[in-house]
Amino acid sequence: MSRLRTSILALLAGLAFADAAAAEPPVWVVKDKNSELVLFGSVHILPRGLDWTPPALDRALKAADDIWFELPIDAKSEAVTSSLATKAGVLPPDQSLFKLLPPKDAELMSKVAAAYDVSPVLLDRLQPWLAEIALAGGAYRRLGADAASGVEQTIAAMATPKARRRAFETPAEQVALLSGGSMGEQIASLRETLHEMDEKPDEFQTLVKAWTDGDVKVLDREALAPIRDTTPGLFQRLVTDRNARWTKVLDARLKGHGRTVVVVGIGHLIGPDGVPARLRALGYSVTGP
C-alpha cells in the first residue's frame, strides 16, 4: 500500500482517538436542474461502535435512487478481491522481500513488523504493495478497527432497498491498479510507509482530527501531498486518472435525473484533482469544502 493508502486508511483506523459526538466528516452536494449528487469521502476501516454519519448523508441515503461505490459491496466481491490480491501479490518462490529491499529498509521493516505484530515470515513472501497492506492491517488490529465497521459496509446496510447499488470498478481492475507499479516504485512507496509508521505514530490523530473537522486542507497536506511529491506516477495512476474516469461517469449521471449518493475514498474528493473540483470545472453547482 502506498503512503497515500496507508495515510488514508490509517486515518480511518485512527478514528478510535476521535470524539465520536463531534464527528462530522465533509459532504459535497452537486446539483443541476434535474439531479442531485451527494459525495461522501469514505474511510474503509473504522473502530466498532463509532457514530460518524453526518445528517446530510443520512438524509441523502433515505432519498437516493442509486448509490455508487468504488467496488461492489458484497461477500462475493470481497472474496474475489482477496483471491486476486493473493495471486498478484505473492513473490515467486525463489524471491524474498527482505532480500529485494536495501539493507536499511529491510532492517526497518523488521522493526515495524515487530511493533505492529505482523509476521516477518508473511511479509517476506509478499510483493511490496501487498506488504504495505499487511503492515497497515497490523495497525488497524491494534486499534480495534475492521472493515465491517467501515463506511462502505455501514452505508450499504443503511441505504434503502430501492436504491440501486453501482460500482465504478471491478475487483480485477482495482487489484491491477494496486499491483501495477514497477518494483522500484513499489519499494519507494513501501519505504515511505515504513518511515511513517515508525517515526510518526501520532500522525493518525492528526488525520483523524482533520477528517472529523472536515479540514480538507490538512488532509491534502498530510495524506495526498507526500505521494504527489515522492511517487508522482503512483499518484497519477491511483488518484488523478481514476478521478478523471469517475467524473465522466458522474457527468453522464447528472445529465439524467434523480438523486445519487457517491461513496469513495476521501482522497478522491479533496484537492485540485478531486472529483468535486472537477465537477465544478464542468459548470455544476457544488457546495461543500
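**Exercise 1. Strand β4 and its partners**

Task: In this predicted model, which residue is the bridge partner of Asp66 in β6? Then place β4 between its neighbours and orient its side chains.

Solution.
- Step 1. Start at Asp66. Its bridge partner in β6 is Arg164.
- Step 2. Widen the view to the strands. β4 covers residues 66-69, and β6 covers residues 164-167. They pair in the parallel sense, over 4 bridges.
- Step 3. Turn to β7, residues 258-265. β4 pairs with β7 over 4 bridges, in the parallel sense.
- Step 4. Pick a register point for that pairing. Ile67 of β4 stands opposite Val261 in β7.
- Step 5. Sort the side chains of β4. Asp66 and Trp68 point one way, while Ile67 and Phe69 point the other way.
- Step 6. Check burial. Asp66, Ile67, Trp68 and Phe69 are all buried.

**Exercise 2. Helices α7 and α10**

Task: At roughly what angle do the axes of α7 and α10 cross? Classify the crossing and describe the contact.

Solution.
- Step 1. Locate the helices. α7 spans residues 128-142 and α10 spans residues 183-199.
- Step 2. Read the geometry. The axes come within 8 Å and cross at roughly 20 degrees.
- Step 3. Classify. α7 is therefore roughly parallel to α10, since the cut-off for that class is under 35 degrees.
- Step 4. Add the hand. The crossing of α7 and α10 is left-handed.
- Step 5. List the contact. From α7 come Pro128, Trp129, Glu132, Leu135, Ala136 and Ala139. They meet Met183, Gln186, Ile187, Ser189, Leu190, Thr193, Leu194 and Met197 of α10.
- Step 6. Count by class. The contact holds 10 nonpolar, 3 polar and 1 charged residues.

**Exercise 3. Helices α9 and α13**

Task: Which residues of α9 and α13 meet? Give the axis geometry and the class count too.

Solution.
- Step 1. Set the ranges. α9 is residues 171-179, and α13 is residues 232-254.
- Step 2. Take the axes. They come within 10 Å and cross at roughly 145 degrees.
- Step 3. Name the contact. Gln174, Leu177 and Leu178 in α9 meet Arg237, Leu238, Arg242 and Arg245 in α13.
- Step 4. Count by class. This contact of α9 with α13 has 3 nonpolar, 1 polar and 3 charged residues.

**Exercise 4. The whole chain**

Task: How many helices and strands does the chain have? Add burial and contact range.

Solution.
- Step 1. Count the elements. There are 14 helices and 8 strands.
- Step 2. Take burial. Of the 289 residues, 55% count as buried.
- Step 3. Take contact range. Consider contacts between residues at least 6 apart in sequence: 83% of them join residues at least 24 apart.

Note on methods
Residues are numbered from 1 along each chain as its sequence is written. This is a predicted model: local features need pLDDT of at least 70, side-chain atom pairs count only at pLDDT 80 or more; totals for chains, interfaces and linings use all residues. Side-chain values use heavy atoms; hydrogens and water are left out. Axes are lines fitted to C-alpha atoms, for helices over the stretch in contact, and angles run from 0 to 180 degrees between N-to-C directions. Helices (H or I, at least four residues) and strands (E, at least two) are DSSP runs, numbered from the N terminus. Angles under 35 degrees count as roughly parallel, over 145 as roughly antiparallel, 65 to 115 as roughly perpendicular and the rest as oblique. A crossing is left-handed if the near helix is turned anticlockwise from the far one by less than a right angle, and right-handed if clockwise. Contact means heavy atoms within 4.5 Å. Ala, Val, Leu, Ile, Met, Phe, Trp, Tyr, Cys and Pro count as nonpolar, Asp, Glu, Lys and Arg as charged, and the others, Gly among them, as polar. Buried means under 20% relative accessible area, exposed over 50%, partly exposed in between (1.4 Å probe, protein chains only). Two strands pair if DSSP finds at least two bridges between them.
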